[in-house]
Amino acid sequence: MKTKETKWHIMFFIIIILQIFPLIYMVSISLKDMEQIFSEPLKLIPSLPTLENYKYILMNVPIFKYIWNTFFISALITVGKIVTSILAAYVLTFKEFYGKKILIGLMMITMFIPFTVTMIPNYLTISNLGLLNSAFGVILPQLADAMGIFLMIQNMRGIPKSLLEVADIDNISEGRVLFYLIIPMIKNSIVAMGILFFINSWNEYFWSLLILSDRDNYTLSLALQMFISAEGGNNWGVTMAIAGMTIIFPIILYILCQKMIMTSFVKSGIKG
């Protein structure tokens, strides 16, 4: 039995190493100068660590502007998705109306539609609204999320409907029931869902590339690609330093809240 468990542990350890090695290698390269990068390409611990690559970014790249652009877009998308997910899930969980199951089914189907199918209609809509090269052009098509609605439905199904019936008898408004009864009961799931939304929005690249053309409006992902193109893909140290600054915030956010995220998904899988 112990031998079998040891094999599983070894397999998981190998998988973890394969997952985190690119991150470790990225940090390693960002702490090397060009000479070390080419003379010690596979050495993870630099012989002479340096912060020159990070100093170069701070002096030559408007990195804080890109961070603000990325945060602004990600924060608004996250808030929009949370609000729409909660409101839609409340109706689909606690209200009965004709075609409810069909509506839920159609919503679930949208989760399997690839982005390339909706890309052109969304682009034309944003163009007709005059929102090209605008942060709101990136935000608007992403204010609702079928996965978020599904997760909220699964969590709300665990709330006894008798509580809502008692509130109805006491003539408590639905707004108060939602904000003072339901939301506090699923707040951990809301936080976890919000973190996932934020990380996905933070890492968004292709849609932002289609909408944003002015460099002053670029997000971190676009700024990274712009720098790689401008340098011809040769300045690996600075490139890895920018990449590291791009991912550090989402990683910290996930590490701090990973327990809530995992709990949310486990509950979503066993309810309903």
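This report describes salt bridges, aromatic pairs, buried polar side chains and a surface patch in a predicted model.

**Salt bridges**

A search of the whole structure finds 4 salt bridges, and three of these, including their closest distances between N and O, are set out in the table.

| Salt bridge | N to O distance |
|---|---|
| Lys-81 and Asp-145 | 3.5 Å |
| Lys-95 and Glu-174 | 2.8 Å |
| Lys-100 and Glu-96 | 3.4 Å |

The salt bridge between Lys-81 and Asp-145 links distant parts of the chain, with Lys-81 in helix α4 and Asp-145 in the loop between α7 and α8, 64 residues apart. Lys-81 has a relative accessible area of 9% and is therefore buried, and Asp-145, at 18% relative accessibility, also falls under the 20% limit and so counts as buried.

The salt bridge between Glu-174 and Lys-95 likewise links distant parts of the chain, Glu-174 lying in helix α10 (residues 174-185) and Lys-95 in the loop between α4 and α5, with their positions 79 residues apart in sequence. Here Glu-174 is partly exposed, with a relative accessible area of 43%, and Lys-95 is partly exposed as well, with a value of 28%.

In the salt bridge formed by the side chains of Glu-96 and Lys-100, Glu-96 counts as exposed at 61% relative accessibility, whereas Lys-100 is buried at 12%.

**Helix α8 and its start**

Asp-145 also makes a contact at the start of α8, where one of its side-chain oxygens reaches to within 2.9 Å of the backbone nitrogen of Met-147. Of the 11 residues of helix α8 (residues 146-156), 9 are buried, so the helix is largely enclosed by the rest of the structure. Among these buried residues are Gly-148, Ile-149, Gln-154 and Asn-155.

**Aromatic pairs around Phe-198**

The count of aromatic pairs in the model comes to 12. One of them joins Phe-71 and Phe-198 in an edge-to-face arrangement, with 5.9 Å from centre to centre and 65 degrees between the planes. Because Phe-71 lies in helix α4 and Phe-198 in helix α11 (residues 187-202), the pair ties together parts that are 127 residues apart in sequence. Phe-71 counts as partly exposed at 35% relative accessibility, whereas Phe-198 counts as buried at 9%.

Phe-198 also forms an aromatic pair with Trp-202, and this pair is tilted, with 5.7 Å from centre to centre and 35 degrees between the planes. The two residues are 4 residues apart in helix α11, which means that Phe-198 and Trp-202 are separated by about one helical turn. Both Phe-198 and Trp-202 are buried. Ring pairs link Phe-71, Phe-198 and Trp-202 into a cluster that also includes Trp-68, Phe-72, Phe-136 and Phe-249.

**Thr-78 and Asn-53**

Phe-198 has a further partner in Thr-78, which is found in helix α4 (residues 63-94) and counts as buried at 8% relative accessibility. A polar atom of the Thr-78 side chain lies 3.3 Å from the backbone nitrogen of Phe-198. Leaving out residues up to four places away in sequence, Thr-78 touches Gly-194, Phe-197 and Phe-198.

Asn-53, in helix α3 (residues 52-60), is another buried residue, with a relative accessible area of 9%. Its side chain reaches the backbone oxygen of Ser-30 at 2.8 Å. Beyond residues up to four places away in sequence, the contacts of Asn-53 include Ile-29, Ser-30, Leu-31, Gly-237, Val-238 and Ala-241.

Leu-31, which lies in the loop between α1 and α2, is partly exposed, with a relative accessible area of 23%. Apart from its neighbours within four places in sequence, Leu-31 is in contact with residues that include Pro-46, Leu-48, Pro-49, Leu-51, Asn-53 and Tyr-54. The C-alpha atoms of Leu-31 and Lys-161, which are 130 residues apart along the chain, are separated by 57 Å.

**A nonpolar surface patch**

A nonpolar patch on the surface has about 1000 Å² of accessible area in total, and the residues that form it include Ile-10, Phe-13, Leu-18, Phe-21, Leu-44 and Ile-45. Phe-21, one of these residues, has its place in helix α1 (residues 2-30) and counts as partly exposed at 37% relative accessibility.

How values were computed
Residues are numbered from 1 along each chain as its sequence is written. This is a predicted model: local features need pLDDT of at least 70, side-chain atom pairs count only at pLDDT 80 or more; totals for chains, interfaces and linings use all residues. Side-chain values use heavy atoms; hydrogens and water are left out. Buried means under 20% relative accessible area, exposed over 50%, partly exposed in between (1.4 Å probe, protein chains only). A polar contact is a pair of N or O atoms within 3.5 Å; within protein, one must be able to donate a hydrogen and the other to accept it, and residues adjacent in sequence count only if both atoms are side-chain atoms. Contact means heavy atoms within 4.5 Å. Patches are made of residues with over 30% relative accessible area and no salt bridge: like charges are joined within 9 Å, nonpolar side chains (Val, Leu, Ile, Met, Phe, Trp, Tyr) within 5 Å. Accessible areas come from the Shrake-Rupley method with a 1.4 Å probe; for residues, only the protein chains shown count as cover. Rings of Phe, Tyr and Trp (its six-membered ring) pair if their centres lie within 6.5 Å; planes under 30 degrees apart count as stacked, over 60 as edge-to-face and the rest as tilted.
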